[in-house]
Amino acid sequence: MADKSASLSMDEKSFDYPVRAGTVGPDVIDIRKLYGQTGAFTFDPGFTSTASCESAITYIDGDKGVLLHRGYPIDQLAENSTFMEVAYLLLNGELPTRAELDKFTYTITRHTMVHEQLSQFYRGFRRDAHPMAVMCGVVGALSAFYHDSTDITDPHQRTVASHRLIAKMPTIAAMAYKYSVGQPFVYPQNDLSYTGNFLRMTFGVPAEPYEINPVIERAMRRIFILHADHEQNASTSTVRLAGSSGANPFACIAAGIACLWGPAHGGANEAALNMLREIGRPERIPEYIARAKDKDDPFRLMGFGHRVYKNYDPRAKVMQATADEVLKELGISDPVLDVARELEHIALHDEYFIEKKLYPNVDFYSGVILSAIGFPTSMFTVLFALARTTGWVAQWNEMISDPDQKIGRPRQLYTGAAQREYVPVDKR
Ligand code: CMC
């Protein structure tokens, strides 16, 4: 029972709505009875003031720049955890014991291969297809290959589908890359770590052994952990909305991938690096800052700003340190990193960015790292999708297990024509 309530006056009547408190964070006004009582809807395009669900997985304090998974700060997880540990935590709510972690890792590694016929599926795509287009198609197609884990009413099948998605995503992503460069697919090798295996499937070739560089493996592990979940962002909300109709999990994750592709969301890492390359040298930064501030210019600083963070994105801090580490290890001096650092410095001291609380987000430095490792820009969002699959799957499971779950069905403010009579074509 809520002890606070909020009242609304409308047409000289007053209505009370319970106010619910979470563990931390803003309260929510429970308006589920609003339409029934008042006949009015709320209007909140972009969901800027609307909690679409109850969740116990991830918490963000945007003003303080805090991100917690099941209560654990992201920087602690990025520093100390393996990706398998974070995946277990997101799915199950607690950090695993050694025995639980071993069992979970064993289960995931036993699902890393994909149905052999799936490799034929890739050959239907043009070689120059964007790998995100390939990902949307191939992940959606998984439901045609794994019929025994599409019954969402069966908790066992839901678990198997979750494990399959987390396990197969690196294989599918690496295959998308291999297909684009015309190299043979590399099968997974299960004695490697989740990230080591992915690196080998991506950059290894059958003709020679692939040696995993521990600094790169660590950087990839961090990048995967930093992208694993981010509460009710656009793609996660898409997965939940798709799943709310009872669609199978493979179809739901394919929907999430499609949403993630956009440049305002997961596509920003690709866009950020393209922008840094276009700027090219620190002297040109003022020109781009001026464009970002110009209301008549649609240009935005990619990798800057966030709907929730009104402070430095905690993921960007880890990303920045990782960029330094990777470039040093690889002996690369990339002028793009100098441009990024200088751009960040200038933007953080500029009145426009200060006033609007625009800070670097996770995507600002990730492109510099991924490019140094050898990924083409078109693969950046694929890596985001690979890592975020764990969060999507955890959020999808939480939704399906919620007894209050209903099909997601937003309402609208209709501003089109009122009812009118059909006019035959020769009378128009
Ligand atoms: N460059 C210049 N101005 C900006 C930027 C930017 N990157 N981001 C926001 N603004 C301005 C915007 O013009 C607006 O100004 P005004 O109030 O005068 O109209 C104000 O800041 C608020 O922006 P908004 O678009 O209303 O904010 P939002 O919460 O709807 O958008 C965002 C958030 C991430 C889409 C936006 O900041 C953006 O487009 N950033 C660049 C793309 C990017 O880096 N996306 C990755 C997000 S993090 C990874 C992920 O979660 O996917």
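Student: Which residue places a polar backbone atom 2.7 Å from a nitrogen atom of the ligand?

Tutor: This is a predicted model, in which local features need pLDDT of at least 70 and side-chain atom pairs count only at pLDDT 80 or more, while totals for chains, interfaces and linings use all residues. Residues are numbered from 1 along each chain as its sequence is written, and side-chain values use heavy atoms, with hydrogens and water left out. The polar backbone atom that lies 2.7 Å from the ligand nitrogen belongs to Leu-301.

Student: Oxygen atoms of the ligand also have polar partners; what share of the ligand's own accessible area does the protein cover?

Tutor: A polar side-chain atom of Arg-307 lies 2.7 Å from an oxygen atom of the ligand, and an N or O atom in the side chain of Asn-361 is 2.9 Å from a ligand oxygen. On its own the ligand has 950 Å² of accessible area (Shrake-Rupley method, 1.4 Å probe). Of this area, the protein covers 76%.

Student: How many residues of the shell around the ligand are charged?

Tutor: The shell holds 22 residues, each with a heavy atom within 4 Å of the ligand, and the closest are His-265, Lys-295, Leu-301, Gly-303 and Arg-307. Asp, Glu, Lys and Arg count as charged, Ala, Val, Leu, Ile, Met, Phe, Trp, Tyr, Cys and Pro as nonpolar, and the others, Gly among them, as polar. On that scheme eleven are nonpolar and six are polar, while the number of charged residues is five.

Student: In the sheet E4-E5-E6, which strands stand at the edges?

Tutor: Strands are DSSP runs (E, at least two residues) numbered from the N terminus, and two of them pair if DSSP finds at least two bridges between them. By this rule three strands form an open, antiparallel sheet in the order E4-E5-E6. Each edge strand has a single partner, so one side of it is left without a neighbour in the sheet, and the edges are E4 (58-61) and E6 (72-73).

Student: Which residue in the turn between E4 and E5 has a positive phi?

Tutor: E4 and strand E5 (residues 66-69) run antiparallel and are joined by four bridges; Thr-58 stands opposite His-69, and Asp-61 has Val-66 as its bridge partner. Four residues lie between the two strands of this hairpin, and the one with a positive phi, of about 70°, is Gly-65.

Student: And which residue in E6 stands opposite His-69?

Tutor: E5 and E6 run antiparallel, joined by two bridges. They form a hairpin with two residues between them, and Arg-70 in the turn has a positive phi of about 50°. Opposite His-69, in E6, stands Tyr-72.

Student: How many residues of helix H6 are buried?

Tutor: Helices are DSSP runs (H or I, at least four residues), and H6 (residues 131-145) reaches 20 Å from its first C-alpha to its last, close to the 21 Å expected at 1.5 Å a residue, multiplied by one less than the number of residues. Buried means under 20% relative accessible area, exposed over 50%, and partly exposed in between (1.4 Å probe, protein chains only). Pro-131, Met-132 and Phe-145 are among the buried residues; of the 15 residues in this mostly covered helix, the number buried is eleven.

Student: Which side chain makes a polar contact of 3.4 Å with that of Asn-233?

Tutor: Asn-233 is found in the loop between helix H9 (214-226) and helix H10 (234-244), and it is buried, with a relative accessible area of 13%. A polar contact is a pair of N or O atoms within 3.5 Å; within protein, one must be able to donate a hydrogen and the other to accept it, and residues adjacent in sequence count only if both atoms are side-chain atoms. The contact of 3.4 Å joins the side chain of Asn-233 to that of Arg-388.
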